[in-house]
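User: Please take me through the fold of this chain, one question at a time, and show the reasoning behind each reply.

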Amino acid sequence: MPAGVVDAAAKGVKLERHAVLLRRAAGAKHLVSASSHLLFRATVLATLALVVLFAVHYPSLLSHSFTLSAAPASPSSTPRSRHSHRSLLGSGASSSYGRGAAWEREVRRSATPRRDGALSVLVTGAAGFVGAHCSLALRARGDGVVGLDNFNAYYDPSLKRARQRLLASRGVVVLDADINDAALLERLLSAVPFTHVLHLAAQAGVRHAMRAPQAYVASNVAGLVALFEAAARHADPQPAVVWASSSSVYGLNTEAPFSEDHRTDRPASLYAATKKAGEAIAHSYNHIYGLSITGLRFFTVYGPWGRPDMAYFSFARSIVAGEPITLFRTADGADARRDFTYIDDVVRGCLGALDTAGKSTGSKSGKKSGPAPLRVYNLGNTSPVPVTRMVAILEKLLGKKAHKRVVTMPSNGDVPFTHANVSHAARDFGYRPATSLEDGLRHFVDWFVRYYKVNVRGGGNVLAGKTAKRKSMPMSAAS
């Protein structure tokens, strides 16, 4: 065969092999491409699924808002579910509010006063002890009220939900929300021209601060700043702000009775330090932005619908259950004493502070027309009582002796006594506490035995930390 023909045949074979290789390569490329498209689609679907799950469980983070995780329950409480990174508008299972027009209509309805010249008040911590009582008292006299509460698990949230239901029955909306949500606060203050803010939301408890210090900074400092920021820079007109400080700011002060003129620069606990910081922050917002601000230093508030972590409440539970209670004595053997203040008296003080707050003088532009009121008041009972006396009254009312364990007071932030001088509040808005400890504890026990369905005489009923469904009990007289 001629050489030229052989070469041509060889080249043809090579070309055919090359074509086969190219076809194989193209097929592989097509397979890789198809696989890549499938992988891309799977990745997109997985990402969307994660975004949906994240939006459901962490909506507040997606909206770039900072919210509080639920605080750990107190040692005396039973384990409960905790909800962290709470959504701030309609996050709770019982909340029916969204971000649309219906939400604004409901908020405006609740905020609208029912009489001429009445107030329109935003109450933070409205499902709390003092907040619920104040909200009902404001509503009862014809003021408009909108509440906020994040329903954290520092103590039994079911008690807060019961207060929320009671408020709803009186026409008061309580939003499942957190004061650290700046967008929520801005929207509320834009939607409603509130005349006042009663800021009662806070992380409470002296001893718990040793276990969860960041919760106190986040709520009592950062939350207060968020509230002041919204009121000062996003409300038009600016509301007057009345907020809950604490008698704890007196710390290691030994002068008695405690006066607003006494030094408060020696806090004995982190809780007290955050409240003292709040008073300094209030000064700066009053000075810079012209906010009218009134701080109220509460002295051991007690009564129906109270906080289960408070001594009188936890002692009542323990006495009924036959469990021991711990009483503190000072190093020199003296009983701890507290200026127990009944809730009705505190409510009257809060409303008096709101009524006399005076107007803010600033505006959204940042300019103020002049100085605005900056005030601080004690709200106490003026009569310190040994804690042992409080226990004796509970024993009589509950018909059962307490198993007492007396120990020396630890250095955990508690102070040996509190004693309020209320002359400034008496002068400026007629504050005069009128309820004795005996009468106040009787009102509390009446509510306690009905709410928890306790047989205080038979000895057969004890509290196990859980309660069955019950009808709502009325608030106390001032509410």
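Analyst: Before the sheet is described, one criterion is needed: two strands pair if DSSP finds at least two bridges between them. The model discussed here is a predicted one.

User: In what order do the seven strands of the open sheet lie?

Analyst: The pairing throughout this open sheet is parallel, and the twist averages 15° from one strand to the next. Read across the sheet, the seven strands follow the order β3-β2-β1-β4-β5-β6-β11.

User: Which strands stand at the edges, each with a single partner strand?

Analyst: A strand with a single partner has one side left without a neighbour in the sheet, and this applies to two strands here. They are β3, residues 173–176, and β11, residues 374–379.

User: What is the bridge partner of T124 in β4?

Analyst: Strand β1, residues 120–124, runs parallel to strand β4, residues 196–199, and four bridges join the two. Within that pairing, the residue of β4 bridged to T124 is H199.

User: At about what angle does the direction of helix α7 stand to that of β5?

Analyst: Helix α3, residues 101–111, lies across β1, β2 and β3 and runs at about 120° to β2. Helix α7, residues 213–233, also packs on the sheet, where it touches β1, β4, β5 and β6. Its direction makes with that of β5 an angle of about 170°.

User: Are α9 and α11 roughly parallel or oblique to each other?

Analyst: The axes of helix α9, residues 311–321, and helix α11, residues 387–398, come within 10 Å and cross at roughly 45°. The crossing is right-handed, and the residues that meet include F315 and I319 from α9 and V391 and L394 from α11. Since angles under 35 degrees count as roughly parallel and those of 65 to 115 as roughly perpendicular, the relation of α9 to α11 is oblique.

User: Which helix gives the largest share of the largest nonpolar core?

Analyst: That core holds 82 residues, among which V130, F298 and F448 touch the most other members. A second, separate core of 33 residues includes W103, V146, A226 and A235. In the core of 82 residues, the largest share is eight residues, and these come from helix α13, residues 437–451.

User: What percentage of the residues in the chain count as buried?

Analyst: The secondary structure comes to 13 helices and 13 strands. Among contacts with a separation of 6 or more, residues 24 or more positions apart account for 80%. Of the 479 residues of the chain, the share that counts as buried is 52%.

Terms used: Residues numbered from 1 in each chain as written. Predicted model: local features only at pLDDT ≥ 70, side-chain atom pairs only at ≥ 80, totals over all residues. Heavy atoms only, no water. Axes fitted to C-alpha atoms, helices over the stretch in contact; angles between N-to-C directions. Contact = heavy atoms within 4.5 Å. Core = buried A, V, L, I, M, F, W, Y, C linked by side-chain atoms within 4.5 Å. Buried < 20%, exposed > 50% of the residue type's maximum accessible area, 1.4 Å probe, protein only. Parallel < 35°, antiparallel > 145°, perpendicular 65-115°, else oblique. Left-handed = near helix turned anticlockwise from the far one by under 90°.
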